[in-house]
Amino acid sequence: MSRTVYVNGDWVPEEAATISVFDRGFLMADGVYEVVTVLEGKLVDFAGHCRRLHRSLSELDIASPHTEEEWLQLQRDLVHRNRLREGLVYLQVTRGAEDRDFAWSEGLTPGVVMFTQARSLVDNPLVERGLDIITIDDLRWQRRDIKTVQLLYSSMGKMMAKRAGAHDAWMVEDGLVTEGTSNNAYIIAGRRLITRQAGHAILQGITRTAVLALAAETGLELEERPFTVAEAQAADEAFVTSATTFVMPVVTVDGVKIGDGQPGPMARKLREHYLQQARDAAI
Ligand code: PDD
């Protein structure tokens, strides 16, 4: 079934949707995006994603084309028009279109694209299996806190993992894990939940914020600091978080088993708690 997508103010069938070849998102990766999960036809953690979208835009001096209320209406409309029950809303805002130049003209009209992807997210067979992770150097730029569409190195990292027979890659800088190609990375040692602190080195995941808030009630003590690959390999459990995978267990890092090589009980518990509160708070 053809989807209805949103392009610069219009609702159009996906086959008819077009953007300008001069769009700076296309020419310069000059734009930002968000991925919002949809469960039972409702948006999960909309407010958090909207806040981060506005922050990303402001860090790049792009004026948000919509208010929070307008974004909510647009995303709800998109979900409704596509009868989406489970999957995601992809939303991208670019600086706008003009003749190619490194410098841009102030006050361009931002480009906005939104579409849905239907996908079974809760029933993911990888939850029972757990992820095999490889590690790679983190060669991205230094402002990973801004959710830009500049995703080439992350895509290359995912392909390096696939070609190595693994599911994903964790990126390492100065001997310390930053994050996954499209998720935040965590280890559990005893009762301690360890993950890198927010800052320019990682994207501050919306799922991360929600999961960290659940740490205490899961019986975990939070330690926000970077960890090494060796520490991860010696941990009791490891997992990643993102909007589309929620909490996903990691069972090997560079071929070394984490714990007994099975998804860990705390990761399972965090996933259940997270899903419960995500469903309860979805709008
Ligand atoms: N990726 N770190 C990176 C580099 C990411 O790309 C993502 C999300 C996250 C987790 O953020 P959140 O919990 O807000 O989804 C961390 C999305 C899902 C994507 O690009 O598809």
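**View 1. Ile-206 meets the ligand through its backbone.** In this predicted model, an oxygen atom of the ligand lies 2.8 Å from a backbone N or O atom of Ile-206. Ile-206 is also one of the closest residues to the ligand, and helix 6 (206-214) is among the elements that each supply at least two residues of the surrounding shell.

**View 2. Thr-207 and Glu-179 reach the ligand with their side chains.** Here a polar side-chain atom of Thr-207 sits 2.6 Å from an oxygen atom of the ligand. Glu-179 faces a nitrogen atom of the ligand instead, with an N or O atom of its side chain 2.7 Å away. How much of the ligand does the protein bury? Taken alone, the ligand exposes 480 Å², and 89% of that is buried by the protein.

**View 3. A shell of 19 residues surrounds the ligand.** Along with the residues already met, Tyr-33 and Ala-243 are among the closest. By class, the shell holds ten polar, five nonpolar and four charged residues. Strand 3 (31-39), helix 2 (46-59), strand 9 (176-180) and strand 13 (237-242) are among the elements that each give at least two residues to this shell.

**View 4. The ligand and the two domains.** Where does the ligand lie? Domain 1 (4-118) and domain 2 (126-281) both contribute residues to the shell, so the ligand lies between them. The space that the ligand takes is the largest pocket.

Definitions and conventions
Residues numbered from 1 in each chain as written. Predicted model: local features only at pLDDT ≥ 70, side-chain atom pairs only at ≥ 80, totals over all residues. Heavy atoms only, no water. Near = heavy atom within 4 Å. Polar contact = N/O pair within 3.5 Å; in protein donor to acceptor, adjacent residues only side chain to side chain. Areas by Shrake-Rupley, 256 points an atom, 1.4 Å probe, with all protein chains shown as cover. 1 Å grid on protein atoms, 1.4 Å probe; cavity = no way out; pocket = protein on both sides within 12 Å on 5 of 7 lines; lining within 4 Å. Sits in = over half its atoms within 2 Å of the grid points. Helix = DSSP H or I, 4+ residues; strand = E, 2+ residues; numbered from the N terminus. Nonpolar A, V, L, I, M, F, W, Y, C, P; charged D, E, K, R; others polar. Domains from an automatic or database assignment.
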